[in-house]
Amino acid sequence: MNNLMTREKWQTIKSRYSIYLVLIVMIIVCNLLNENFLSPRNISNISAQISVTTILAFGETILIIGGLLDLSCGSVLALAGVLSVYVFKETGSLSVAFAVGLLVGVLCNWVNGILVRRFNIPAFIATLAMMTVARGIALLFTKGQNIYQIGDYVWFGQGKIGFVPLPVVFMIIIGILTWYILGHTSFGRSLYAVGGNEEAARASGINVGRVKIGAYLINGAFVGLAGILLMARTNVGAPNSGQGYEFEALTAAIIGGTSFSGGLGTAGGTLAGAFIVGFLNNIMNLTGVDSYLQQVIKGAIIALAVGYDMWAKVNRTRKTLGAAKTSNERKEAKV
Amino acid sequence: MNTFMKSLRTVTAVAALCLVTATVAQAQNYKVAFIARAQADSFAAWLANGIMDEAKKYPDLTVDVMDSQADDAKENAFIENAVANKYDLIIVQPNNGEAQRPYVEQAVKDGVKVITTNARIKDIPGSSSVDADPYEQAAVNARLALKQVPENASVVVLNGPSGNMHADMRRDAWQKEFFDKRSDVKIVGEQIAHWNKEEAMRYMEDWVQANDKIDAIVSMNDNMAAGALEVIKDDPKFDKILAYGVDGTAEAMLLIQSGKMTSTALQNAYDLAAKNISVAHDLLTGKITQIDTDIDCPLVTKDNVAEFIEIHKKSGAIK
């Protein structure tokens, strides 16, 4: 009996935390492949490298759980970033520039939310339109040219608190915020309900439209912040930056167990997903793997990681259903 | 009757004058389409802005800029549309020369004058080209590096996208002019960073971890070189690192001035724009019928960087 319980507990841990198991295995393998892998500087580098896309991934996680999506985050990031840099160069104020970056992200995503809620445009289409519009405005505003000599603005991306790079600090704060919103607020519970079954959520009195707009506004603040961090990290206001970041963010969220059908996902899973991709890129560079081969390996390992995660979850569901069936049969036999 | 004849003569004279004016005006107003590779590419945007500025000097030219958004299909459609809309001359900045080749050939067959630029599409009879030689742009840096890079040095290489003519030819120049002649030099890291600063930063951060010493950064453009330098700018271990790029961006000029970057080859978008427009004008007015020409790509080092910084001051990129 005890054995059975321990086995069941192990199965539960394995299926719920399978993505973390993948991450741990990966850390062990990477450490065996390169002795520098676990050095504090390398870990700090990887964390800084993934910080921007992970912040975007937290936003995508919130949206996907609610049955939504944002394809515009790479472009909005660029727009928010260049406008923030521009304002800094004009005013010299870091706080005003920071506020402008956040505001631009929130405004663009407010429009996304309105398009989805009021006009019933599918999130895919609405954010695809915003992707083009935001990139266009960024290019129009800068005439396609980079903004150089950004001075103290680089502090956002290159500053440190102790030995921790500032983008990593922001990533941790946003991670905790996402975890709190999803797991400890009524908004988070509503979001899971809306993503799981919109009609049922509406029938149970949840204001679905408000939840959707709320999700976009939170995502907007995250995207604006990511834009500020990217421009500061690269020491340039680049209107063409962030291309393809939406897919990197989506990859991290999906690897982390966020279900595209909505209603499922966690902040911790997304962070693990982002680190899996980050570790993979890092170890391939440290070991000098060829550029083209890197793409093949990355794709294959992502498929393996997600495949294992899905298999573990399906296995768990099957076992739960099997156990319930046996218990019902026993009850029927007693009757 | 006399009055009628006088009126008729006046009307005829006015009509003839209008006709002549219209014909002359029509003959002197040439429509030019500049089909840009991607306005999101900062060099392409710099070139497009330069072309628009330069065209203002020719009152008989009207230039329309079209953005292909780094998409072959879009660029080919723009070429077809420009022919259909009876543009007198098309300047094509190819996204992928071979993909645009049949469309440029068709445009030439349809009687439209075509210039290919940055990079040229070779061997299309009847078309002209204005370019900067990508081999030479990298070669001037490689020849300098031949003297500067220490013996048994470890270097990292940052490449542009594979299949891009400028990326491939610049890498080829480094191979022939430097690596083939310096067998003592070891490449400890080489990756494609897609001309992108952030991507180059990520690679450099990893290379710095994996290698105790890196003596030089060989980059196929300035943006990637600047990204690699961003990573090590505060690290005294890399105080003497050499860094080579191509393009002559404002950022590279400032890095060279401050002694952080070693050299670049200037690919001056203003010169390219000025030459494109002057060749376009000469083709349209019949001064020439065909030409293939290159702009210079001067080597920029700390010794001569001041004069090139002025170019960027003029554009407002440096204040």
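A crossing of two helices is right-handed if the near helix is turned clockwise from the far one by less than a right angle. Keep that in mind for the first view of this predicted model.

**View 1. Helices α3(A) and α12(A) cross with a right-handed turn.** Here you can follow α3 (residues 40-65) of chain A as its axis comes within 8 Å of that of α12 (residues 245-255) of chain A, the two crossing at roughly 65°. Because angles of 65 to 115 degrees count as roughly perpendicular, α3(A) is roughly perpendicular to α12(A).

**View 2. A closer look at the residues where α3(A) meets α12(A).** From α3(A), the residues taking part include A:Thr53, A:Leu56, A:Glu60 and A:Ile64. Among their partners in α12(A) are A:Tyr245, A:Glu248 and A:Leu250. Sorted by class, this contact has eight nonpolar, three polar and two charged residues.

**View 3. Chain A as a whole has 14 helices and two strands.** Its C-alpha atoms fill a box of roughly 80 × 55 × 35 Å along the principal axes. The radius of gyration of chain A is 22 Å, which agrees with the value near 20 Å for a compact globule of 335 residues. Buried residues make up 47% of chain A. Of the contacts in chain A with a separation of 6 or more, 79% join residues 24 or more positions apart.

**View 4. Chain B meets chain A through 28 residues of its own and 25 residues from chain A.** On the chain B side, the elements giving two or more residues are α2, β7, α7, α8 and α9 of chain B. The largest share, 10 residues, comes from α7(B). By class, this side has 12 nonpolar, seven polar and nine charged residues.

Methods:
Residues numbered from 1 in each chain as written. Chains lettered and ligands numbered in written order. Predicted model: local features only at pLDDT ≥ 70, side-chain atom pairs only at ≥ 80, totals over all residues. Contact = placed C-beta atoms within 7 Å. Helix = DSSP H or I, 4+ residues; strand = E, 2+ residues; numbered from the N terminus. Nonpolar A, V, L, I, M, F, W, Y, C, P; charged D, E, K, R; others polar. Rg over C-alpha atoms; globule rule 2.2 N^0.38 Å. Buried ≥ 20, exposed ≤ 12 C-beta atoms within 10 Å, placed from the backbone. Axes fitted to C-alpha atoms, helices over the stretch in contact; angles between N-to-C directions. Parallel < 35°, antiparallel > 145°, perpendicular 65-115°, else oblique.
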